[in-house]
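Trainee: I'd like a close look at the salt bridges here, and at what goes on around the residues involved. Take your time and keep it connected, please.

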Amino acid sequence: MAEDLLRMADEWGPEKIVVVSDSRTGMRGVLVIDNSARGIGKGGTRMSPTLTIEEVCRLARTMTWKWAAVDLFHGGAKAGILGDPTSPDKERILRAFARALRNEVPREYLFGLDMGLNERDAAILADELGDLGTSTGLPRALGGVPYDQLGVTGFGVAEAADAALQRSGESLAGKRVAIQGFGAVGVAAAQRLAALGAQIVAVATATGTVHDRDGLDLERLLDLRAEHGDACVSAYASGDHSRDVLDVDADVLIPAAMQDTITDAVAANTTARLIVEGANLPTSPSSRRILQERGVQVVPDFIANAGGIVAAAHSTDARNSPFVVDTAAVFEMISEKLRANTVAVLDMSQRDGTLPHEAALTMAMERVREAMELRGRLPRP
């Protein structure tokens, strides 16, 4: 495993990998600081029973590009805990994790929210270190910006989708949308997409897919989700829920669940003409090439799902302030930055004949490289 990690290192990072454990609680976790040239490491903390160090390294690198692409001054980082987020020992594990990283937090890294963690968990991490400034995504009652509760990431995904269509002279109005994942991102994306006139025709959770070619009753589905969680799809309609949402006939596809879900087969067969990556790393290089050849536009993850980090930046800025963050200003900045970045990346992709991911990466790399040069982190000529 050590050799595999060494092979992952390149000119950008990772700068530091910290593996921690605690025998009393069984906590096992990792922090990856990928690149801090533009600021201290910032990226969500996830908890998953299948977590790997390689996964966290990949996500930390995505954060490096995401912060640079949205042009906010943090470095790329990510943290993770190997475990079940529904465990009754979750709080003890979180507190052990925070203690184990007290040398890195908040000097080199700030905790944030990712899969398996919520605002209450952010409060626990901050409380353990005795500093509310060590974690973003805190509940509003503690002066934070509860970005999962506000739905900022999903809101940004919808704004990116609308900007991509408007760039092509189209509108979201009447467009059929399928959403993979109905957590914080998928829910907020569905709500904003519907507000912009789209028709949500399919939604998938961990328990299955619900599909209606004439459009789902989104308000009813949201009520059922509040009551039944992921089982809302079976509560919404009886019958077979085994259909893959990625195969549903739709104009717009929003992968908002896990990484590596848009396979080559999905890319070759999807009816969607626009894919907006709500999740991190849902496509592979080969599937992106297939989509490009088929004329399917893709808005890359670190462009489309950057709404959460814009909110996190507001939260970081306000962590030592007694004043409540203006959430209207948060949404305004998300809309402005994500719409502009979506158009810029798609324009660059078209102009240079490259994939949108390559165009976005080029833009982000230029910004990170400039910061590395200014700080003397690259070989001198």
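Mentor: What follows goes through the pairs, then a pocket, a helix and two side chains. Before anything else, this is a predicted model, so keep the filters in mind: local features need pLDDT of at least 70 and side-chain atom pairs count only at pLDDT 80 or more, while totals for chains, interfaces and linings use all residues. Numbering starts from 1 along each chain as its sequence is written, and side-chain values use heavy atoms, with hydrogens and water left out.

There are 26 salt bridges in the structure, each being a side-chain nitrogen of Lys or Arg within 4 Å of a carboxyl oxygen of Asp or Glu. The general idea is that side chains of opposite charge can pair when their charged atoms come close.

Take Arg58 and Asp260, whose closest N and O atoms are 3.4 Å apart. Arg58 sits in helix 2 (residues 53-69) and Asp260 in the loop between strand 10 (252-255) and helix 10 (264-269), so this salt bridge ties together parts 202 residues apart in sequence. (Helices, H or I with at least four residues, and strands, E with at least two, are DSSP runs numbered from the N terminus.) Both partners are partly exposed, Arg58 at 32% relative accessibility and Asp260 at 42%. The scale runs like this: under 20% relative accessible area is buried, over 50% is exposed, and in between is partly exposed, using a 1.4 Å probe and protein chains only.

Now compare Glu159 with Arg192, where the closest N and O atoms are 2.8 Å apart. Here two helices are tied together, because Glu159 lies in helix 6 (residues 152-167) and Arg192 in helix 7 (residues 184-195), 33 residues apart in sequence. Glu159 is buried at 2%, whereas Arg192 is partly exposed at 26%.

A further pair is Asp251 and Arg176, with 2.9 Å between the closest N and O atoms. This one links distant parts of the chain, from the loop between helix 9 (232-236) and strand 10 to strand 7 (residues 176-180), 75 residues apart. Arg176 counts as partly exposed, at 23% relative accessibility. Salt bridges also chain up: through shared partners, Glu91, Arg95, Arg99, Asp127 and Glu128 are joined into one network.

Back to Arg58, which takes us to a pocket. The second largest pocket holds about 410 Å³ of space, and among its 19 lining residues the closest to the centre are Arg58, Arg61, Thr62, Trp65 and Leu281. On a 1 Å grid over the protein atoms alone, a pocket is an open set of points where a 1.4 Å probe fits, with protein on both sides within 12 Å along at least five of seven lines, and lining residues have an atom within 4 Å of a point. Helix 2 gives the most to this lining, with five residues.

Next, helix 4 (residues 119-129). Its buried residues include Glu119, Asp121, Ile124 and Leu125, and the buried residues of helix 4 pack against helix 3 (90-100) and helix 5 (147-150); contact means heavy atoms within 4.5 Å. At the N-terminal end, Asn118 acts as the cap, with a side-chain oxygen 3.1 Å from the backbone nitrogen of Arg120. After helix 4 comes Gly130, with a positive phi near 70°.

Last, two polar side chains. Thr271, in the loop between helix 10 and strand 11 (274-276), is partly exposed at 34%. Leaving out residues up to four places away in sequence, Thr271 touches Val248, Asp249 and Ala250. Its side chain makes a polar contact of 3.1 Å with the side chain of Asp249, and a polar atom of the Thr271 side chain lies 2.9 Å from the backbone nitrogen of Ala250. A polar contact is a pair of N or O atoms within 3.5 Å; within protein, one must be able to donate a hydrogen and the other to accept it, and residues adjacent in sequence count only if both atoms are side-chain atoms.

Ser349, in helix 14 (residues 327-352), is buried at 8%. A polar atom of the Ser349 side chain lies 2.5 Å from the backbone oxygen of Thr354. With residues up to four places away in sequence left out, Ser349 touches several residues, including Gln292 and Ala359.

Technical notes:
Grid points are joined across faces, edges and corners, and a volume is the space filled by probe spheres set on the points.
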